[in-house]
Amino acid sequence: MKVATFERGVHPSSHKELTENKSIINATIPEKVIIPLSQHLGAPCNSTVSIGDEVKRGQVIGVSDSFVSAPVHSSICGKVIAIGEFPHPSGKDVISVVIEEDGMDEWVDGLKENPDYINLPLEDLRRIIRDAGIVGLGGAAFPTHVKLSPPKEKPIDSVIINGAECEPYLTADHRLMLENPSEIINGLKILMKILGVKKGYVGIEENKPDAIKTMTDTASKEHHKKSKDFLGTPEPDINVVPLEAKYPQGAEKMLIKAILNREVPAGGLPMDVGVVVHNVGTTKAIYDAVRFGRPLIERVITVTGKGIKEPKNLRVRIGTLFSHLIEECGGLNGKIGKVIAGGPMMGIAQYTLDVPVVKGTSGILVLSADEVSVEEYGPCIRCGRCIDYCPMGLQPSIISILVEKGRYDEARGYDCMDCFECGTCAYVCPARRPLVQFIKLAKLELSRKG
Ligand code: SF4
Ligand code: SF4
């Protein structure tokens, strides 16, 4: 099988065998959910409910007037019992709405199904996606409708669906491709219609041959199932592209390089090279919103690691606490070293299990104590490994030395703002230097300065 890829990157152990053959199951509905009003990049929402209000599943509980924002909905049916600051997997405390479940689990009234969705006006499709609160489910959580409104001077000719799932341990996207391929392909067709493009791609790492086959067969089947009208022209051209299993193959810029051999310029966005990229989970959520009128109130996550008794792929309501899901998976297994929201490369270590799953949570990884070691980092020995492996061709060693000395402006000169925080440099550094953390600090200080 010919596989596409990009330069540099690493091959960490995948550990996907813990869950890759386990079907997605619905997690039990928790007794309460904590739903943060900020779950995406962009403006946080303001609460539209008060303590004591009764809410239904799918009811709006937070909105913002800002364009770069997405509304937040209740994921369960019940009563609002608190509104205030609660821990968020990002490590910050965030204003959240706490809802106690009432056992009814009814959808809010007024959700509108659209059997003939592909023929809706484009503005209606964009509005439905925005009103459904859809953001990127791959981790970055950028509001989806913003990506679907590129400026006129940046015409889009290709949409790429990211099914790479290159983070070790995580298998939620893999299972979605096996279990919901038709929804993903039809979600891709909705995206292609909105953006007016004929070329769609699904990039999948070669370590998921069953997903490559399922998605290829489904794309072919859907291709021959004519819609009444697809921009008044023949059906779109959708290709499934096998990718080398390599980290960070699922990063937007790496996917675009591997699939289309286009390079996003420094400081640029995929739309600068005519491309929009969406994750498979996001694409399914788009289909569910447009076809069935369902807002984004749940997502699939992988709960895994040696520190979990029964690793699983679960469909969970947004706002469910990590502690509830760990119990759902048989509880903790022995002495625990670290709990991470997301995968081991880009995920964030947690200090409490009382944090909720948010729209951007792709998994919960529990490492056992014997898998985690705390090591002092040393000075840079100038081995050059971080430079050799950085997919962006940056110089993390030099940036880290400048940051240690507080010379942030000079770090900007080494393009530290182009780092997308994949963690590859820190992974390969023999001196165990926290390179990505230094770079995050530089980006924070430089963005404060403006
Ligand atoms: S500098 Fe940034 S982009 Fe390069 S390897 Fe490190 S974290 Fe990844
Ligand atoms: S990998 Fe670590 S030790 Fe080697 S050059 Fe980079 S920062 Fe220095």
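This short talk walks through two ligand sites, the strand pairing and two backbone outliers in a predicted model.

Some ground rules. Residues count from 1 along each chain as its sequence is written, and chains are lettered from A and ligands numbered from 1 in the order in which they are written. Because the model is predicted, local features need pLDDT of at least 70, side-chain atom pairs count only at pLDDT 80 or more, and totals for chains, interfaces and linings use all residues; side-chain values use heavy atoms, with hydrogens and water left out.

Ligand 1 comes up now. Its shell holds 14 residues, where near means a heavy atom within 4 Å of the molecule. The closest are Cys 390, Cys 419, Cys 422, Gly 423 and Cys 425. By class, the shell has eleven nonpolar, two polar and one charged residues. For the classes, Ala, Val, Leu, Ile, Met, Phe, Trp, Tyr, Cys and Pro count as nonpolar, Asp, Glu, Lys and Arg as charged, and the others, Gly among them, as polar. Helices α12 (424–428) and α13 (435–449) each supply at least two shell residues. Helices here are DSSP runs of H or I with at least four residues, strands are E runs with at least two, and both are numbered from the N terminus.

Where does ligand 1 sit? In the largest cavity. A cavity is a set of points, on a 1 Å grid over the protein atoms alone, where a 1.4 Å probe fits but cannot get out. Sitting in it takes more than half of the ligand's atoms within 2 Å of the grid points.

On to ligand 2. Its surroundings include Cys 380, Cys 383, Cys 386 and Cys 429. Arg 382, Arg 385 and Arg 433 are also among them. That shell divides into seven nonpolar, two polar and three charged residues.

Now the strands. Strands of a sheet pair through backbone hydrogen bonds, either parallel or antiparallel. Pairing here takes at least two DSSP bridges.

One open sheet has six strands, in the order β1-β14-β13-β17-β15-β16, with mixed pairing. Its edges are β1 (24–26) and β16 (348–349), each paired on one side only. Inside it, β13 (298–304) and β14 (312–317) run antiparallel over six bridges. Val 303 stands opposite Lys 312 there. Helix α3 (172–179) lies across β1, β13 and β14, at about 125° to β13. Contact means heavy atoms within 4.5 Å. The axes are lines fitted to C-alpha atoms, for helices over the stretch in contact, and angles run from 0 to 180 degrees between N-to-C directions.

Another open sheet has three strands, ordered β3-β5-β6, with antiparallel pairing. The edge strands are β3 (46–47) and β6 (72–73). Two bridges link β3 to β5 (60–63), with Asn 46 opposite Val 63. Two more join β5 to β6, where Gly 62 partners Val 72.

Then there is a hairpin. Strands β7 (78–87) and β8 (93–101) pair antiparallel over nine bridges. Gly 84 has Ser 96 as its bridge partner. Five residues separate the two strands, and Gly 91 in the turn has a positive phi of about 100°. Strand β7 also pairs with β4 (54–55), antiparallel, over two bridges. Val 55 stands opposite Gly 78.

Last, the backbone. Most residues other than glycine have a negative phi, and most peptide bonds are trans. Which peptide bond is cis? The one from Tyr 247 to Pro 248, with omega near 0°. Pro 248 lies in the loop between β11 (237–243) and α6 (252–260). Glu 165 has a positive phi, near 40°. That residue lies in the loop between β9 (158–163) and α3.

Notes:
On a 1 Å grid over the protein atoms alone, a cavity is a set of points where a 1.4 Å probe fits but cannot get out, and a pocket is an open set with protein on both sides within 12 Å along at least five of seven lines; lining residues have an atom within 4 Å of a point.
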